Amino acid sequence: MSDEARADDLLYHVDGDLRPADEATVSVEDRGFQYGDAAFETLRAYGGDVFGWDAHADRLAETCDLLAIDHGLAREDLHDRIRETLDANDLDDAYVRLSISRGVQPGKLDPDPEVDPTVVIVVKPLPRGGLDGESVWDGPATLRTVSTQRIPDAAVPARAKTHNYLNGILARIELRGTDADEAVMLDAAGHVAEGATSNVFAVDGDGLLTPALSGPVLPGITRATVIDIAEEEGIPVREVTIGPDALRTAEEMFCTNSTWEVRPVESVDGASVGGGPVTDLLAQRYRERVEETFY
């Protein structure tokens, strides 16, 4: 199957079985559907395997611990299911989404401690990374600060990546009618937290700065990789509390996530920012890591 294959031709992995996409369903009584009571990870596959599996598996395990979903599945089993799904679809380079819900339980809010989890793996073709690969984005991002605040950690921990993504959805809805394609979300104190689906970085005269994980910020896998690369290159990194003005006045800015990798930012709230040498260097080094690891 080529990377241009229609979604209808794909096979998804549902509870241990490969099923055609149009038959890959879960129960309407599943708590992931009813309450968003589920954990997930978005991953990028290169050359037939996923990037940063150990880090993704660690974060998935932490989310399940926070939700008290004792699914009993070994990370090696989950990894094997992903590779099986990629192989079944003849996909080397792909978007991968792994979800684990608490499964079907009686229709009540408080969950039973005994879990029969629902495990779903969805894959879709995505152009390869590495040195010669294409970007999945058409151009630099345009950002706009929205009024939808990031949920405080005391309400829902930011490090829990759950099916309940209404916070980010509401932020993206605010972008309708604008030229922006990513929302900048602030915390209750007015500090920058993250994008609706990305972590944000700015470059100033002192190096790289990004919102600290002490705030309601998802610990992105690509975020951590970029920080590691920056430190290797001798670029100072400050994980700090910043306001939106620090983004609007930055020398450079970029967003990170598993599918975008390192995406330059063209403007924030109408203020031109643009990419630059630091963004270009980090993006290049990221692509080199992918090339060396998978190709």
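Visitor: Before we start, how much relative accessible area makes a residue buried, exposed or partly exposed?
Guide: Buried means under 20% relative accessible area and exposed means over 50%. Whatever falls in between is called partly exposed.

Visitor: Good. Is R238 buried, exposed or partly exposed?
Guide: Bear in mind that this is a predicted model. R238 has a relative accessible area of 26%. That value sits between the cut-offs of 20% and 50%, so R238 is partly exposed.

Visitor: Which residue forms a salt bridge with D204, and which strands does the pair tie together?
Guide: In D204's salt bridge the closest N and O atoms are 2.9 Å apart, and the other member is R238. The two are 34 residues apart in sequence, so the pair ties together separate parts. D204 lies in strand β10 and R238 in strand β12.

Visitor: Over in helix α3, is R81 buried or exposed, and what about D77?
Guide: R81 and D77 both lie in that helix, four residues apart, or about one turn. They form a salt bridge with the closest N and O atoms 3.2 Å apart. The cut-off for buried is under 20%, so R81, at 14%, is buried. D77 has 29%, so D77 is partly exposed.

Visitor: How many residues apart are E291 and R128?
Guide: Their side chains meet in a salt bridge, 3.0 Å from N to O. E291 is in helix α7, while R128 is in the loop between β6 and β7. The pair links distant parts of the chain, and the separation is 163 residues.

Visitor: Let's talk pockets. Which residues lie nearest the centre of the largest pocket?
Guide: That pocket holds about 890 Å³ of space. Its lining has 17 nonpolar, 17 polar and eight charged residues. Among the elements that each supply at least two of them are β3, α2 and α4. Nearest the centre lie F40, A160, K161, T162 and Y165.

Visitor: And which residues are closest to the centre of the second largest pocket?
Guide: The space there is about 280 Å³, and the lining divides into nine nonpolar, six polar and two charged residues. β1, α1, β5 and β6 each supply at least two lining residues. Of the 17 that line this pocket, the closest to its centre are V26, S99, T118, V120 and H163.

Visitor: Last one: which residues make the nonpolar surface patch of about 350 Å²?
Guide: One member, I173, has its place in helix α4. I173 is partly exposed, with a relative accessible area of 37%. The patch is made by L166, I169, L170 and I173.

Technical notes: Residues are numbered from 1 along each chain as its sequence is written. This is a predicted model: local features need pLDDT of at least 70, side-chain atom pairs count only at pLDDT 80 or more; totals for chains, interfaces and linings use all residues. Side-chain values use heavy atoms; hydrogens and water are left out. Patches are made of residues with over 30% relative accessible area and no salt bridge: like charges are joined within 9 Å, nonpolar side chains (Val, Leu, Ile, Met, Phe, Trp, Tyr) within 5 Å. Accessible areas come from the Shrake-Rupley method with a 1.4 Å probe; for residues, only the protein chains shown count as cover. A salt bridge is a side-chain nitrogen of Lys or Arg within 4 Å of a carboxyl oxygen of Asp or Glu. Buried means under 20% relative accessible area, exposed over 50%, partly exposed in between (1.4 Å probe, protein chains only). On a 1 Å grid over the protein atoms alone, a cavity is a set of points where a 1.4 Å probe fits but cannot get out, and a pocket is an open set with protein on both sides within 12 Å along at least five of seven lines; lining residues have an atom within 4 Å of a point. Grid points are joined across faces, edges and corners, and a volume is the space filled by probe spheres set on the points. Ala, Val, Leu, Ile, Met, Phe, Trp, Tyr, Cys and Pro count as nonpolar, Asp, Glu, Lys and Arg as charged, and the others, Gly among them, as polar.
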